[in-house]
Every structure is written in C-alpha cells, then in structure tokens.
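Biologist: Before we discuss this structure, could you put it in front of us?

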Amino acid sequence: MSDDPTIFEQIVAGEIPARIVYETDTVAAFLDANPLAPGHTLVVPKDAYERLGELPDEIAADVWAAVQELTPRIESAVDADASNVGVNNGSAAGQEVPHVHVHIVPRFEGDGGRPIHAVAGDRPDLSDDELDDIATAIEAGK
Ligand code: AMP
C-alpha cells in the first residue's frame, strides 16, 4: 500500500465526489469520471493495493464478487449488448492510478470499439520451446 491517499481512497472517504453505485465493508464502485462508454464503472478495494498480486485473497474475492454482481446490472442500466472487464495492472500496462481498479466498460453493437486483444502491442512470434518455458515458469511460480 502507498503512504499518500490515492484519489480512489479519497473517493471512498467521501473527500472527493463520485457517483458511487456499490459499497461494502471492503469494496466500492463508482462511475468513471471520463467514461469510455455510458455506465463505465470502476470497482476498487477500499484499501489502496497497487497491483493485483498484492491483494489479499479475501479482498480479491470481494472485488471479483462485486464485478460479477455489477456487470449485468450495469449492462441492464445502460441497455448495453456486452461489456469488457479489465485491469491496467502496472504503469507499463497503462495504469495511472496506483490503486487496483477493475474497469467495467459497457459495449454496444457497432460502437466502433475493439476487443480486449487490442490493448497489447505487436503479437510476438513464439516458438514451441519458448511457449513451453513460459508455461513451466508460470506453473512453477517463478
Ligand atoms: P487507469 O488508467 O486504469 O489507472 O484508469 C484510471 C481511471 O480512473 C481512468 O479511467 C479515469 O477516468 C478514472 N478516474 C480518475 N479520477 C477519477 C475520479 N475522481 N472519479 C472517477 N474516476 C476517475
């Protein structure tokens, strides 16, 4: 956790206004201030863990339960056809606020958006050996 309160901690504390749509003891959700689509919502743990890997298991479960509950609610509220759900996990991935937050972005047929595959750069050309090594490293928790 960081020392200075993040903007999302300030929202949770009521120090910065936000359109809060969900709140439990551990999790809050509010409309994104610069929405990519109507209903774009951020789900956050109330405490400011910076990266996904820092979340305690029970908080991670609470965050995901909120995402699962809110996603259909949000789609229904804005009459969306679908949604993208994602996390910018670290600055190299585009994370600007150092406080884990899950984006729920409603999607509409013909909205001109792209799938989540569009977030990365050029696709790497990986050999079978490289894929095996990567899979082994992930499995081993290196
Ligand atoms: P990220 O790039 O994943 O860190 O996204 C940060 C998100 O926080 C952006 O989509 C911003 O529009 C959103 N945001 C920043 N400040 C606020 C705020 N005060 N209230 C609601 N959303 C915010």
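**The span and the ligand**

Modeller: Residues 7-114 have end C-alpha atoms 28 Å apart, and the span is 26% helix and 23% strand, where helices (H or I, at least four residues) and strands (E, at least two) are DSSP runs numbered from the N terminus. This is a predicted model, in which local features need pLDDT of at least 70 and side-chain atom pairs count only at pLDDT 80 or more, while totals for chains, interfaces and linings use all residues. Residues are numbered from 1 along each chain as its sequence is written, and side-chain values use heavy atoms, with hydrogens and water left out.

Biologist: Which annotation covers residues 7-114?

Modeller: The UniProt record, an unreviewed entry, gives "domain: HIT" for residues 7-114, and such annotations may be inferred rather than shown by experiment.

Biologist: What makes the contact of Asp32 with the ligand a polar contact?

Modeller: A polar contact is a pair of N or O atoms within 3.5 Å; a polar side-chain atom of Asp32 lies 2.5 Å from an oxygen atom of the ligand, so the pair meets that definition. For Asn88, a polar side-chain atom lies 2.9 Å from a ligand oxygen atom. Taken alone the ligand exposes 500 Å², of which the protein buries 84%, with accessible areas from the Shrake-Rupley method and a 1.4 Å probe.

Biologist: How many residues surround the ligand?

Modeller: There are 16, the closest being Asp32, Asn88, Glu96, His101 and His103, where near means a heavy atom within 4 Å. Helix H1 (7-12) supplies the largest share of this shell, three residues.

Definitions and conventions. Polar contact = N/O pair within 3.5 Å; in protein donor to acceptor, adjacent residues only side chain to side chain.
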